[in-house]
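Biologist: Please zoom in on a single part for me, one chain, and tell me what it touches and how a pair of its helices packs.

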Amino acid sequence: MSTTHDFQLHRDAFGKLIFTGSDGEAHEALPVRAFPIGAPDKGIALVDPHGHELAWIDALADLDAERRQLVESELASREFMPVIERIIEVSSYATPSTWTIVTNRGETKLILKGEEDIRRLAAQALLIADSNGIQYLIRDRGALDAHSRKILDRFL
Amino acid sequence: MTQSPATPPALQPILPTSSQIPLPEAWQPVVEAQLVKEEKVLAWLEIDLNTSLHFGKGLIVLTDRRLLARTGDTPEWQSQPLREGLRLTRRDHAGVGSLELFDATGRLAHWRYTLGQDVAAGRLIDHVNRQLDFVVTGVAPTPPAQAVCPKCETPLLAGQDECPVCSKEELTPPSTWTLFRLWRFARPYRWQLLAGFLLSLATTAATLVPPYMTMPLMDKVLIPYQNGKPIDTGLVTLYLSGLLGAALLAWVLGWARTYILALVSERIGRDLRTTTYEHLLKLSQEYFGGKRTGDLMARIGSETDRINIFISLHFLDFATDVLMISMTTLILVSINPWLALVTLLPLPIIAFLIHTVRERLRTGFEKVDRIWAEVTNVLADTIPGIRVVKAFAQESREAARFRAANQHNLEVNDKVNKVWSLFGPTVTLLTEVGLLIIWGFGIWQISRNDISVGVLTAFLAYIGRFYTRLDSMSRIVSVTQKAAAGAKRIFDILDHVSSVPEPATPVHLPAVAGRIELRNVGFRYGTRSVTRDISLTIEPGEMVGLVGHSGSGKSTMVNLICRFYDVSEGAILIDGVDIRSVPVAEYRKNIGLVLQEPFLFFGTIAENIAYGKPDATREEIVAAARAAHAHEFILRLPHGYDSLVGERGQALSGGERQRISIARALLIDPKILILDEATSSVDTTTEKEIQKALDNLVRGRTTIAIAHRLSTLREANRLVVLDRGSVVEVGNHEELMAQEGHYYRLYQAQARNVDTEGGSDLEAGGEDDKGDRE
């Protein structure tokens, strides 16, 4: 795909991101990360509401500041993957278990339905899906405090 | 967004449509402070995210005149008076729902929540729309006629007291006293277990006799002999025959005990396995989708075995040990209290040791189990996919994966063994130290003439056995932990309530006509909203084709109609009865399903055809096979209807397998027939033959067919076009073509495809879609 990015972006009064391509046609656009976990800043597609690809951005850095800000703000408003910083307590070591956790987005509770909802990512990273399907990320379980690590260890 | 209090609209009456759910107590004073005189709260939604997606409680309140909202970040309230043009919508993405408020000029506000509140958000929108309608038109909306759940306002079904949505989300963890729950399986054998226990007790008592006899042997025979008296032969014979008798008794009792307990153990194991498997089969497809085969196999296989050995052997051994220790203590105290006290001194230390090691071992063993399942999973993944592995020459990669899982297993085991291996020797060391103390204290007491040599000998003999029992008791720690870990994993299955529950008060359908009605059906899989607000009525005998891109929700709709999953919102009715109030098996008897990839079980062709009706006569089987155009090719096989198929069986082509599965569906004579891409995995010539078979099948039945090749749906009375989870068009081929909408575009796309591929007709198109099963 081209890296010139000859398209225009702006936000309309309805809060939607509007894409205007080189052909002058305007579409509502949504940015989607191709590798949200593996390489979040590489490979971002702009798709229309029907899921058709409008443009492909190899890396966010390729965009000029204005468009990048628009894409980033739109992504930020849609992305929700709290990073677990601390596990305060768990209701039981048997699942389903309710965890009280501190994330980068504040303190909350999650319900873990089964150990298989904890997905091992590369190296020390874990992805935990709660009963509502929200994905919680642990970037490096070695970096958690001892108490959290001990709790987590019981589920791995 | 306006911050001033709303100007009340001209119309003031309060509607009977308000939500029955009172505000949470914490919010009540805060909300009341916001309300103006006579303003009434109609509905509310507590949101748990703020606009920048941080966790924080907020509230959206609908009153009779405006919409009030507060997010977690500010204590200020936003207010929007209800007026014409206002629109509240919701959408969700990656586990987060958004509520957005628009008017004609743009977006006024948006709120975020996690999907747990999605249903409640839907209700809020309903309330807002009703109230908006009322404010704008002044016409009172009709209140919902159906009974609703007081907690979430989901419509309740006839004969249903508990809300299926609310009860489904109850997620209580199983108790830590998991092992006691095994009593349910031990109960039928309680008399045998009691007999085993009494026998153990008697065996133990018999083994306690010999050390007691060493006392008179020493004091009355050996010591007097050393002091010059002759040996009393009669006394010696008496004591020795006593020893022999005790040993023989212990032998007989021990044999009886072991035999009885082995019998019971096997029976408990059998019951546990069967119950778990039967429960597993009843669970919905959702459960199987999330579990790995290897893991489930390990649970039903090895875990149950471990548990039954625990119940019947280790647990009883432990109880006997405790009794033996109490009995020994009694005997020792009766002989000499002081020596007994010293003898028992190391006991608390050992008990403490056992306790400290317990925790570490238990977590360790739980880990070992999980890792073991991991190892099995690698096998279960690779062996069925062996063709792919070989085709891409990835044997070494798969070997490495297995090696890594094994290595992981080894590391975890090494860690556990480090603790475990220290345990046994420590107990032995303590035994030796205990003996040393008795020797020292005993010699001192003998020197003071407090006790005789015989008493010390008896104590040493007892304590030898005593500590042996402690040693075996220490082993109970590991087996208990292993069994508890296993029991937990078994109860994980047994506690899992099917997400397709049997109705509490079932409604029986005597004869099914086959009228299917979908009412505002919505379904969510994880965070993804797959279908939304589908309403459709299919008349008896009608054939309906489902059309749409892959991912448009066709297969989901079929899964919902089959009740493999339950709807998240709305209801599906058969002949006017909600399918959730019909017993699952009874309902599915009315459905014939032909899938894209027919699954044949290992067995004869006749058995496979008769799978849904095992008591079918040979004539019925042949008639079904004839109607399915399978009769002739079956006769060409060397063993005809008795040919073995399935894994390890006769190789059949895709079209032949499909026709067997059609015969299978024909045999049960269902009122409703579902064809899920029944012809897409075969070539055009075979498809024509299958189509002939299908024509026989479809006759007189309500049929729902999914097909990528639109041409195969020409027979359909109506085509339902789905797009991104919603019905977008309904009509027959000609009508839909005339509309030039979604269907027209789909049809054109396939026709174009054929042109570019140089094919002659439509049937050849859509080949690229054949692997697609959504």
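Modeller: Okay, here's chain B, first its side towards chain A, then one helix pair. Heads-up: it's a predicted model, where local features need pLDDT of at least 70, side-chain atom pairs count only at pLDDT 80 or more, and totals for chains, interfaces and linings use all residues. Residues are numbered from 1 along each chain as its sequence is written, with chains lettered from A and ligands numbered from 1 in the order in which they are written.

On the chain B side, 28 residues are in contact with 25 of chain A (contact: C-beta atoms, placed from the backbone, within 7 Å). Elements giving two or more residues to that side of chain B are β2 (55-63), β6 (96-103), β7 (106-114), α11 (346-382) and α14 (453-494); these are DSSP runs numbered from the N terminus, helices being H or I of at least four residues and strands E of at least two. β7(B) gives the largest share, four residues. By class, this side of chain B has nine nonpolar, 14 polar and five charged residues (nonpolar: Ala, Val, Leu, Ile, Met, Phe, Trp, Tyr, Cys, Pro; charged: Asp, Glu, Lys, Arg; polar: the others, Gly among them).

Now the helices: α18 (618-627) and α20 (654-667) of chain B pack at about 125°, axes 8 Å apart (axes are lines fitted to C-alpha atoms over the stretch in contact; angles run from 0 to 180 degrees between N-to-C directions). That angle makes α18(B) oblique to α20(B), since under 35 degrees is roughly parallel, over 145 roughly antiparallel, 65 to 115 roughly perpendicular and the rest oblique. B:Glu620, B:Ile621, B:Ala624, B:Ala625 and B:Ala627 of α18(B) meet B:Ala663, B:Leu666 and B:Leu667 of α20(B). That contact has seven nonpolar, no polar and one charged residues.

Definitions and conventions. Contact = placed C-beta atoms within 7 Å.
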